[in-house]
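Here are a few notes to help you find your way around this structure. Please keep the 3D view open as you read.

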Amino acid sequence: MALNVARLYVLQKMNNTDLAVSLVEPRRLVLPNPWAGHIPFAAWLIHQIKPRVLVELGTHTGNSYCAFCQSIEEASSPTKAYAVDTWQGDEHAGRYDDSVYEQLRAYHDPLYGSFSTLLRKTFDQALEDFAPGSVDLLHIDGLHTYEAVKHDFETWLPKLSDRGVVLFHDTCVHRDDFGVHRLWQELAQQYPGFNFTHSNGLGVLLVGTDRHPSLASMAEQAGNSHWEVMRKLFARLGAEFELRLTNQFLSDRCEHLTQAIDDRDATSLKLYATIEDAQKETLNLHQVISARESALRDLHRAAAENEAAQQQHFLQVQESQQAVIESQRASIHSLRVELDGMLQSKSWRLTRPLRGFRRVLGRLVAKTRASRPKRALDMLREQLRRHGPIGVLRRTPYYWRQLRARPGLLLGQGVLSHAPEFLHANSMKRELRLHPELLQSPPLHSDVGISVVIPTLNAGREFGWLLQKLFAQKGIGRIEVVVVDSGSKDGTVSTAKNAGCVVVEILPSEFSHSYARNRGADAASGDYLLFMVQDAYPIGDRWMAGMVQFLRDHAEDKVVAASCAEYSRSDSDVMYDSMIHTHYQFLGCLDYDRIGELRDSGHASLRSQGQLSDVSCMIGRDVFQQYRYRGDYAEDLDLGIRLIQDGYRVAMLASVKVIHSHNRPAYYYLKRSFVDVVFLVGLFPDFEYPRIHSQRGLCAGVLSIAVHLSRWLAAPLPAEGQSVATTLREWSDEWRRQFARIEPQGELQLGDSRLDAWLQQFRQQQLNLPGQRLSADESKEAQRFLDAFLGRLDHFAHFAGQTYGPSSDVLMNELRQGIVKIYASAAGSALAFMYLDVKAKHCEGDAAAAQSIYTDLKAGV
């Protein structure tokens, strides 16, 4: 201390300067610490030049700026001070949050707010706050690259007064891209100044013409012995403050490390306890494993004994079967000898004319079987089997009306979609195969690549499970999934991408079933294309290999495409279950694999033989690209028909299936049945449908049954326990009498708000009944619709009676919903017949009203 005082005394005498103020004790010292070494010089500088305006560019935690403010206050200087910073950090200072600014402001504002301002701006933004020639002291400590510091100096130079002094921090830092030292060397050639080398360096540049004598003297003496004494003195004084911050940092660090060690020790104790528990558990597991291994050895021993016993039994059975075979061979030989003797006998030669007559008679009988009486007799047997003699007698008027309206039923002309009670499958090639999971040697096609094409729209959470199931299929060399999405909002696209799918995105307005699938096929690279829907789930891990195996096994038969049947989900509605059962009966794939081929050009044959299903349809990629999908409806049926017309065969498989079904509202069945009929009539010129003789009578019949069903739905459920078949038969018999009363003006409450609203609108637009009685022809048309509805109900009752047991409240509620859907389906078909007849002018009616029905029901299907 005595040495420092002596040096101060000597310097005061030599330079006539007051260095005592350099012994300042800073009120605020915070990290980072480099600028703390220049605090003594900062205090001396403020006392010497007493700047009118001080600006600091880059303040950070405020070591330098708070030192300036403290000196301004202690020197009673009339200085206005400004700190300019964004307080967000940069590449050199690092990035930080608002806490740095908030802590500085909390300290600064109460002490220095009367003459000092914190400007939270960029350096360039702050330029407009200062007049040219107004700043006496400028401290530049922002981003330290050469370009940044040069920019700061040049843009702020016009703001400096004729007394202007500029401070540059970090003039002695040469690492990374720091460039202050480079700029300092350039400016030192243009302006007088001096540079402190301690604490990263601080350059003092005198840019004004009116220079303070003390600063001018130091600039002139820079480099001589007197300057070196002064430089070392400021460095020695500032080193104490740097040391304090270093000690503070190390103390905080030690405290943090001590806490970390304590935490680690506590964690170690917990881990030791966990390890001890794990060792105990391991010991217990070893004991359990030992016991299980002993039990397993016993099981192996028992299995070996059982296998030996089975082998012995097999040998005994084999010997027994061999003896039976030898006995049968002997019997066959004996019968052959006897047959040869008979064929060579005189009596056989004498009876030859009788055998020829029998063959001729057999051909006549065969023709009789295909005749109209035989067909009528077959139909009568089927109805007796379903309804019994009394039920058939009750339905006699219905049968008479149906046969008059549809004579093709007896002539065998086609299959009528609106008369499901008479549906049957044409004879076709059928094959019984085991599911590939059940084969001793499961199919393996390591040389085959499959591209699964799935159109999607908001596929839901189960979609990820479907993708996992597809990629996990065994027996296939390479599996690719192409997802064609038309605007999903539920994450379907991200799910597909994360699973590794090829994703093709199209606009919602671009979507059609054909276009989306064709786009997917264009993006695919597999040998086979497998078209699916987003809510079908394959059964088994070799489902895909099973479909490939079938196509390869029948490649010589020109089978080029195959679809598989489906199992309904547990939440499927009874209407869907009945429809899919009837459909598979018609196609011949309810229990067997069916191969379809072109037999004749009739629509029934084309539909039953050419049907494919996009629920799952596999086809060779090369074949598909020759045909592709077309149209906006029933594109799978259209593809199958074109294939068989060109000499190929297609298959519907029962040996492999997918889980798939829907629970649609009744309004859907109204629209779908309408569109189905219009489509089939347009596609097949020979498609027969019953003629509608009265548009007004049909509308009355449709509305009347809706009114009757609304009343029935409001009534209590029948008692539980009675069989479903009996319940449905009783309802049908009752409705045949009760619903014959035509009442189109009652309440409409069928449990489907969209169907109810459509029927209300339909009644307002299509029917003008109040005050007008129906004519005889109109009443007959209404009765024919009742017959069609009850015919569908009888067909459904036949299915339900074979499928469901005794009734319950839950089952009765489902049956009620199913009956409303049957009604909606019957109404949709009948309205389509009416639209077609009115359009073709087969019956008189309101063409505009028929077109309105077409527009309503076709939209969105």
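1. A word on angles before we begin: helix axes are lines fitted to C-alpha atoms over the stretch in contact, and angles run from 0 to 180 degrees between N-to-C directions. Please also bear in mind that this is a predicted model.

2. With that in hand, look at helix H27 (residues 776-803) and helix H28 (residues 809-839), which pack at an angle of about 135 degrees with their axes 9 Å apart. The two helices are therefore oblique to each other, and H27 passes H28 in a right-handed crossing. On the H27 side, the residues that meet H28 include Phe785, Phe789 and Phe796; among their counterparts in H28 are Leu815, Ile819 and Tyr823.

3. Next, the sheet. Seven strands make up an open sheet with mixed pairing, in the order E5-E2-E1-E6-E7-E9-E8. Strand E5 (116-120) and strand E8 (193-196) stand at the edges with a single partner strand each, so one side of each has no neighbour in the sheet. From one strand to the next, the twist averages 15 degrees.

4. Within this sheet, strands E6 (residues 135-140) and E7 (residues 160-169) run parallel and are joined by five bridges. His139 has Leu167 in E7 as its bridge partner. Helix H8 (residues 213-221) lies across E7, E8 and strand E9 (202-206), at about 75 degrees to E8.

5. Finally, is helix H24 enclosed or open? Of its 20 residues, 18 are buried, so H24 is largely enclosed by the rest of the structure. At 1.5 Å a residue, H24 (residues 695-714) should span 28 Å, which agrees with the 29 Å between its end C-alpha atoms.

Methods
Residues are numbered from 1 along each chain as its sequence is written. This is a predicted model: local features need pLDDT of at least 70, side-chain atom pairs count only at pLDDT 80 or more; totals for chains, interfaces and linings use all residues. Side-chain values use heavy atoms; hydrogens and water are left out. Helices (H or I, at least four residues) and strands (E, at least two) are DSSP runs, numbered from the N terminus. The expected span of a helix is 1.5 Å times one less than its number of residues. Buried means under 20% relative accessible area, exposed over 50%, partly exposed in between (1.4 Å probe, protein chains only). Two strands pair if DSSP finds at least two bridges between them. Contact means heavy atoms within 4.5 Å. Angles under 35 degrees count as roughly parallel, over 145 as roughly antiparallel, 65 to 115 as roughly perpendicular and the rest as oblique. A crossing is left-handed if the near helix is turned anticlockwise from the far one by less than a right angle, and right-handed if clockwise.
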